[in-house]
Amino acid sequence: MRQLTGAIRGELVRLTRTRLIWWTLIAAALCGGGLVGLVSLTGPENATPPMPGLDTVEGVSGVLSLLSVTLFVPALIGTAAISGEYRHRTVATTFLAIPRRGQVLIAKLVAYSALGLGYGLAFALTAVAGLYAGSALHGGGLGLGVADVVGTVSRYGAAAAIYMLLGVGIGAIARNQFLAIGLTLGYFYLVENLIMIVPGVNMAYPFLPGGAASALTGSTALLEMIAAETGQSGPAIQAPLIGALVLLGYALMSSALAAAVSLRRDVT
């Protein structure tokens, strides 16, 4: 137990001494406050196509739903970070210092979970700040109360944190950095979008990571847009709690699979 505690502490210290943590926080601020603040400042009614104004519930919800477009970013960060350790063989040094690979992998998962929580917190806080700052500079009020805004944005922050852990699992399984990044981008930007538009097959979408994230955040804008374009009703998303459990289940499953693979494979 003492060795595991030491391994976790060592991984946390290692993260704080790299630029990864700063790039992660910068990415969170840009994807959260940067995106929401820019749209709020310019006014969603001036977007193409126009959206309801911020003085309506639909307008605020629509602006916040844009956060779902950036959820692949923490997954990509987690994928690139852990696969980079295999690419540069830094993970081999850790395995030499702590021969029990299981403890090393647990320590890394804890460290990257903390990084994911940091991303989610920065993502949520800057999104709230960007929304209020943008609307104030734009010269209008908000159609949604503070409690509802914070509640909605907090769910996006939680989804972002889980996505990073999911990305870490993908990166540890693939190990090859270019392959891992390609798989992450390909799945979240291509595979899930294709599944959403194929009749019959799209019924599986609520049980996929993207569908679970939509359930957790309550974001159905993309599904509604596809339904409007195709003239077909899309799949119904799950309740927020079910979505959170499904998404967390994917993250834990990918982590467990990564641990099993890493324990059997040689680092080199």
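Helices here are DSSP runs of at least four residues, numbered from the N terminus.

**Figure 1. The whole chain is built from helices in this predicted model.** The protein chain has eleven helices and zero strands. Along the sequence, its pattern reads α-α-α-α-α-α-α-α-α-α-α. Of the 268 residues, 45% are buried. The chain exposes about 12900 Å². Carbon and sulfur atoms supply 70% of that area. Among contacts with a separation of 6 or more, 80% link residues 24 or more positions apart.

**Figure 2. Confidence varies from helix to helix.** The mean pLDDT of the protein chain is 85. A value of 70 or more is reached by 86% of the residues. Among the elements, H2 has the highest mean pLDDT, 95. Helix H5, residues 90–97, has the lowest, 62.

**Figure 3. Two annotated transmembrane spans can be set side by side.** An unreviewed UniProt entry places the feature "transmembrane region" at residues 20–43, 63–84, 105–133, 153–174, 186–208 and 241–263. Take residues 153–174 to begin with. This span is 100% helix and 0% strand. Its end C-alpha atoms lie 31 Å apart. Now take residues 186–208. Here 52% of the span is helix and 0% is strand. The end C-alpha atoms of residues 186–208 lie 14 Å apart.

**Figure 4. A nonpolar patch lies on the surface.** Its members are Leu190, Val191, Leu194, Ile197, Val198 and Val201. Together they make a patch of about 470 Å². Val198 sits in the loop between helix H8 (177–197) and helix H9 (209–217). Its relative accessibility is 36%, so Val198 counts as partly exposed. The limits for that class are 20% and 50%.

**Figure 5. Gly37 and Ser40 share helix H2.** Helix H2 covers residues 20–42. An α-helix has 3.6 residues a turn, so residues three or four places apart point the same way. Gly37 is buried, because its relative accessible area of 13% falls under the 20% cut-off. Ser40 is buried too, at 0% relative accessibility. Beyond residues up to four places away in sequence, Gly37 touches Gly130 and Gly134. With the same neighbours set aside, Ser40 touches Leu54, Val63, Gly130, Leu131, Gly134, Ser135 and His138. Gly37 and Ser135 are 98 residues apart in sequence. In space, their C-alpha atoms are 8.0 Å apart.

**Figure 6. Helix H9 is largely enclosed by the rest of the structure.** Why is H9 described as enclosed? Nine of its nine residues are buried. They are Pro209, Gly210, Gly211, Ala212, Ala213, Ser214, Ala215, Leu216 and Thr217. Gly218 follows H9. The phi of Gly218 is positive, near 75°.

**Figure 7. Ala159 of helix H7 is in contact with Leu216 and Thr217, among other residues.** Helix H7 spans residues 146–174. Ala159 has 0% relative accessibility, so it counts as buried. Leaving aside neighbours within four places in sequence, Ala159 is in contact with Leu71, Leu216, Thr217 and Leu247. Two of these contact residues, Leu216 and Thr217, also appear among the buried residues of H9. Ala159 and Leu117 are 42 residues apart in sequence. Their C-alpha atoms are 9.8 Å apart in space.

Terms used:
Residues numbered from 1 in each chain as written. Predicted model: local features only at pLDDT ≥ 70, side-chain atom pairs only at ≥ 80, totals over all residues. Heavy atoms only, no water. Helix = DSSP H or I, 4+ residues; strand = E, 2+ residues; numbered from the N terminus. Buried < 20%, exposed > 50% of the residue type's maximum accessible area, 1.4 Å probe, protein only. Contact = heavy atoms within 4.5 Å. Areas by Shrake-Rupley, 256 points an atom, 1.4 Å probe, with all protein chains shown as cover. UniProt positions renumbered as here; feature names shortened; annotations may be inferred. Patch = residues over 30% accessible without salt bridge, like charges linked within 9 Å, V, L, I, M, F, W, Y side chains within 5 Å. Salt bridge = Lys/Arg side-chain N within 4 Å of Asp/Glu carboxyl O. pLDDT = per-residue confidence, 0-100.
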